[in-house]
Amino acid sequence: MSRPRIAIVMDENTSTDASRYEAHKGYFRGVHEAGGLPFGIPFLAEMVETVPRDFDALMVIGGRFAYPDEWYVDGERSRASHSDRFAMDAGLIGEFMEQDKPILGICAGMQALACLNGCRLNADIGALLPGALEHDKAGLLHPVRIATGTLLHQAVGTTRMKVNSFHREAVVEMGSGVVASAHALDAVIEAIEIDGLRFAVGLQWHQERFVGLEHEGNAIFNAFVGAC
């Protein structure tokens, strides 16, 4: 049996001059070890038409770039740089949802999946929730509670695990049909999924950084590829 072909939208070095595509190798290794064939996708407009036709599933990875102002709660807006990646992510997520092909969004990918389904963001967790956990520090771990009966719970087989935290923004208003499937102990939404679709799951944490380690969350890659 042939392996499912998984499209992985690349990130770019927005923190400097946006001259390079880039992505953590854990995204590719996680998909490959789960039985899929991962392919990096550049930001080319015609890809929005060809990728949904030629690939079995979509992974939208982490990154820091600006979203439209209307994706934020009133009075908020992104503090990040603009990127051509936004149009790519939005177009591909829409097409893969339309065809009900599996989608896994990680960090920025989760936020795009959520907002394309009516959610809204806050641009700075610390300003919204004084006393909240530190969420924007690479390598820092904190627990999350996972809701029973969700696709995420079915995948990882536990209701609590520790994840990393490397995000400034967070989903704070839910859209119709969007389920919050994990929360941090300070109530920040850490995972979502879209009701009614075969597999459309978003993780606020960076599961790719656990690939090769003993971590319950790596089963998410198996569930994602297995949904193809």
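The questions and answers below go through a predicted model of one protein.

Reader: How many helices and strands does the protein have?
Author: Secondary structure is a convenient place to begin, and one of the helices, α5, covers residues 125-128 and contains Leu128. Another, α4, covers residues 108-115 and contains Gln111. Counted over the whole protein, there are 13 strands and seven helices.

Reader: What radius of gyration does the protein have, and does it agree or disagree with that of a compact globule?
Author: The C-alpha atoms fill a box of roughly 50 × 40 × 35 Å when this is taken along the principal axes. For 228 residues, a compact globule would be expected to have a radius of gyration near 17 Å, and the value for the protein agrees with this, being 16 Å.

Reader: What share of the contacts with a separation of 6 or more is between residues 24 or more positions apart?
Author: A contact here is a pair of residues with heavy atoms within 4.5 Å, and Gln111 offers an example, since it touches Tyr67, Leu121, Glu169, Ala170 and Gln204 when residues up to four places away in sequence are not counted. Gln111 is itself buried, with 5% relative accessibility, and buried residues make up 52% of the 228 residues. Among the contacts with a separation of 6 or more, the share from residues 24 or more positions apart is 70%.

Reader: How many disulfides does a search of the whole structure find?
Author: A disulfide is a covalent bond between the sulfur atoms of two cysteines. For Cys115, the closest cysteine sulfur is that of Cys119, at 6.3 Å, which is too far for a bond, because a disulfide needs the two sulfur atoms to be within 2.5 Å. Both residues are buried, Cys115 with a relative accessible area of 7% and Cys119 with 3% relative accessibility. The number of disulfides found in the whole structure is zero.

Reader: Which residue in strand β2 forms a salt bridge with Arg85, and how many residues apart in sequence are the parts that the pair ties together?
Author: The side chain of Arg85 meets that of Asp11 in a salt bridge, with 3.0 Å from N to O. Because Arg85 lies in helix α3 while its partner lies in strand β2 (residues 11-12), the pair ties together separate parts of the sequence. Arg85 is buried at 0% relative accessibility, and Asp11 is also buried, at 11%. The residue asked for is therefore Asp11, and the parts are 74 residues apart.

Reader: Which strands hold Glu173 and Arg120?
Author: Glu173 and Arg120 meet through their side chains in a salt bridge of 3.5 Å, N to O. Their positions mean that the bridge ties together parts 53 residues apart in sequence, for Glu173 lies in strand β10 (residues 170-173) and Arg120 in strand β7 (residues 120-122). Glu173 is partly exposed, with a relative accessible area of 35%, and Arg120 is partly exposed with 22%. The strands are thus β10 for Glu173 and β7 for Arg120.

Reader: Is Arg53 buried or exposed?
Author: Arg53 forms a salt bridge with Asp54, and their closest N and O atoms are 3.1 Å apart. The partner, Asp54, is partly exposed, with a relative accessible area of 36%. A residue counts as exposed when this area is over 50%, and Arg53, at 56%, is therefore exposed.

Reader: Where does Cys107 lie?
Author: The backbone of Cys107 has a phi near 55°, a positive value in a residue other than glycine. Cys107 is buried, with a relative accessible area of 5%. Its place is the loop between β6 and α4.

Reader: How far apart in space are Ala132 and Arg198, C-alpha to C-alpha?
Author: Ala132 lies in the loop between α5 and β8 (136-146), where it is partly exposed, with a relative accessible area of 25%. Leaving aside neighbours within four places in sequence, Ala132 is in contact with Ile125 and Asp186. Ala132 and Arg198 are 66 residues apart in sequence, and their distance in space, C-alpha to C-alpha, is 33 Å.

Reader: Which residues make the nonpolar surface patch of about 200 Å²?
Author: The protein exposes about 10,200 Å², of which carbon and sulfur atoms supply 49%. One member of the patch is partly exposed at 41% relative accessibility, namely Leu128. The residues that make the patch are Leu128, Leu129 and Val172.

How values were computed: Residues are numbered from 1 along each chain as its sequence is written. This is a predicted model: local features need pLDDT of at least 70, side-chain atom pairs count only at pLDDT 80 or more; totals for chains, interfaces and linings use all residues. Side-chain values use heavy atoms; hydrogens and water are left out. Patches are made of residues with over 30% relative accessible area and no salt bridge: like charges are joined within 9 Å, nonpolar side chains (Val, Leu, Ile, Met, Phe, Trp, Tyr) within 5 Å. Accessible areas come from the Shrake-Rupley method with a 1.4 Å probe; for residues, only the protein chains shown count as cover. A salt bridge is a side-chain nitrogen of Lys or Arg within 4 Å of a carboxyl oxygen of Asp or Glu. Helices (H or I, at least four residues) and strands (E, at least two) are DSSP runs, numbered from the N terminus. Buried means under 20% relative accessible area, exposed over 50%, partly exposed in between (1.4 Å probe, protein chains only). The radius of gyration is taken over C-alpha atoms; the globule rule is 2.2 Å times the number of residues to the power 0.38.
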